[in-house]
Protein chains: 4
Amino acid sequence: MNLEELEQRIALRARASADESYTAKLLARGMEKCAQKLGEEAVEAVIAAVRGDRAELVKEAADVLYHLLVVLKAAGTPLAEVMDELDNRTALSGLAEKAARKERG
Amino acid sequence: MNLEELEQRIALRARASADESYTAKLLARGMEKCAQKLGEEAVEAVIAAVRGDRAELVKEAADVLYHLLVVLKAAGTPLAEVMDELDNRTALSGLAEKAARKERG
Amino acid sequence: MNLEELEQRIALRARASADESYTAKLLARGMEKCAQKLGEEAVEAVIAAVRGDRAELVKEAADVLYHLLVVLKAAGTPLAEVMDELDNRTALSGLAEKAARKERG
Amino acid sequence: MNLEELEQRIALRARASADESYTAKLLARGMEKCAQKLGEEAVEAVIAAVRGDRAELVKEAADVLYHLLVVLKAAGTPLAEVMDELDNRTALSGLAEKAARKERG
């Protein structure tokens with residue numbers, strides 16, 4: 001799976017009833033609740049990372065990605081906009097690094 | 001760009017010197033610092049989301065994704081493990097939803 | 001010092017110019033910035049706690065208390081309201097515990 | 001009530017059984033769980049602050065104070081150390097402000 005497929009699954013679940021789907025239920029509770037869950041999962045990922053608990057980090061990182069996409073869904077923001085932002089930033093910084101390497105010869 | 005390409009770019013930057021690359025510098029400061037940045041960016045994403053500031057949310061969501069991958073890099077955990085975890089979870093919940101739909105006829 | 005004195009000091013600083021006082025500067029940047037700082041300091045306190053770094057925890061706990069009072073100031077909420085809330089909750093739970101002890105004999 | 005009294009109440013509850021007392025139960029789950037709760041409550045306080053929901057902010061600020069003291073208890077760190085740290089910092093910055101006022105005449 002990739003993140004774009006996860007975005008599609010979330011879009012699909014969002015159309016289910018709140019009884020059937022955790023995603024639909026969370027979205028029905030509104031942006032504050034979605035954002036709160038993102039914040040909580042980030043705290044758990046931070047703790048797992050600092051403790052060096054790799055198995056837990058995998059689970060918490062998955063929770064962060066999932067709830068980040070739910071927040072984007074709640075905001076009506078396509079993941080593609082976020083990936084474009086990342087592409088621009090990291091491509092630029094790649095060029096800057098290349099330029100720096102050339103300067104040093 | 002997709003998340004796998006971002007993972008590759010981060011792996012590339014990680015090999016640069018801390019002078020040249022923000023990524024290398026952050027990784028050199030250790031896991032606590034990487035995790036702290038992840039937590040801070042998540043807080044900013046939460047605030048942008050709750051305020052309904054979509055332009056800011058795009059930037060902060062990009063920061064969350066980037067710093068999450070830096071934390072995974074610091075932990076030596078491949079993104080693929082996180083995506084597999086997400087695949088298992090959301091596939092299962094898809095089956096559960098399908099079963100629920102059948103039951104209702 | 002106690003928390004009420006800290007609240008008074010923050011109220012005093014809030015009247016200084018933003019050039020002179022970090023507190024005044026932070027308040028001038030608005031609630032989002034004050035709340036963001038609170039979130040960031042909480043993340044740092046969490047990390048210090050999980051790492052078992054007691055010296056760092058003292059500093060980060062101080063930062064959390066300070067920025068929490070700045071947020072209350074920005075909201076125009078007196079600390080006394082928060083302390084009353086705490087009093088009500090913990091007094092109640094004390095009674096509940098006392099009752100439970102009596103029931104068991 | 002003041003924060004020192006809350007610290008005493010938490011110390012008292014800590015000696016109860018985990019069945020009777022939320023405080024005792026949380027402490028029994030270990031520092032990671034206490035720190036996680038602190039992080040989660042901070043996220044909720046941030047959200048209440050940014051939304052301008054003052055009634056909710058009072059509750060969440062109370063939760064932050066309570067869970068911060070639980071974390072200090074779990075770490076065996078007296079609140080007095082944190083208050084001394086705050087006293088030193090804010091006293092110093094008061095002197096700096098006074099000096100600045102004198103310079104300007």
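In this predicted model, 100% of the interface residues of chain A are also interface residues in chain D, so these two copies meet through the same surface. The symmetry between them can be stated exactly: a turn of 180° with a shift of 0.0 Å along the axis lays chain A on chain D, with an RMSD of 0.0 Å. The residue of chain A that comes closest to the rotation axis is Glu40(A), whose C-alpha lies at 2.6 Å.

**The fold of chain A**

Chain A contains five helices and zero strands. Read from the N terminus, its elements follow the order α-α-α-α-α. The chain has 105 residues, of which 50% count as buried. Among the contacts in chain A with a separation of 6 or more, 55% join residues that are 24 or more positions apart.

**The pair of chains C and D**

Chain C is superposed on chain D by a rotation of 180°, with 0.0 Å of shift along the axis and an RMSD of 0.0 Å. These two copies are thus related as by a two-fold rotation axis. Here, too, the surfaces correspond: 100% of the interface residues of chain C are also interface residues in chain D, so the copies meet through the same surface.

The table lists the main values for this interface.

| Feature of the interface of chain C and chain D | Value |
|---|---|
| Residues from chain C | 51 residues |
| Residues from chain D | 52 residues |
| Area buried between the chains | about 4,500 Å² |
| Share of that area on carbon and sulfur atoms | 66% |
| Salt bridges | four salt bridges |
| Polar contacts (both residues at pLDDT 80 or more) | 16 residue pairs |

One of the salt bridges joins the side chains of Asp87(C) and Arg9(D), with a distance of 2.9 Å from N to O.

On the side of chain C that touches chain D, the elements giving two or more residues are α1 (3-14), α3 (31-51), α4 (54-75) and α5 (79-103) of chain C. Of these, α4(C) gives the most, with 14 residues. Sorted by class, this side of chain C has 28 nonpolar, eight polar and 15 charged residues.

**Summary**

Two pairings have been described. Chain A and chain D are superposed by a turn of 180°, and chain C and chain D are related as by a two-fold rotation axis. In the pairing of chain C with chain D, the contact includes four salt bridges and buries about 4,500 Å².

Methods
Residues are numbered from 1 along each chain as its sequence is written. Chains are lettered from A and ligands numbered from 1 in the order in which they are written. This is a predicted model: local features need pLDDT of at least 70, side-chain atom pairs count only at pLDDT 80 or more; totals for chains, interfaces and linings use all residues. Side-chain values use heavy atoms; hydrogens and water are left out. Copies are superposed by least squares on the C-alpha atoms of residues with pLDDT of at least 70 in both. Contact means heavy atoms within 4.5 Å. Buried area is the accessible area (1.4 Å probe) that two parts lose on being put together, summed over both. A polar contact is a pair of N or O atoms within 3.5 Å; within protein, one must be able to donate a hydrogen and the other to accept it, and residues adjacent in sequence count only if both atoms are side-chain atoms. Helices (H or I, at least four residues) and strands (E, at least two) are DSSP runs, numbered from the N terminus. Ala, Val, Leu, Ile, Met, Phe, Trp, Tyr, Cys and Pro count as nonpolar, Asp, Glu, Lys and Arg as charged, and the others, Gly among them, as polar. Buried means under 20% relative accessible area, exposed over 50%, partly exposed in between (1.4 Å probe, protein chains only).
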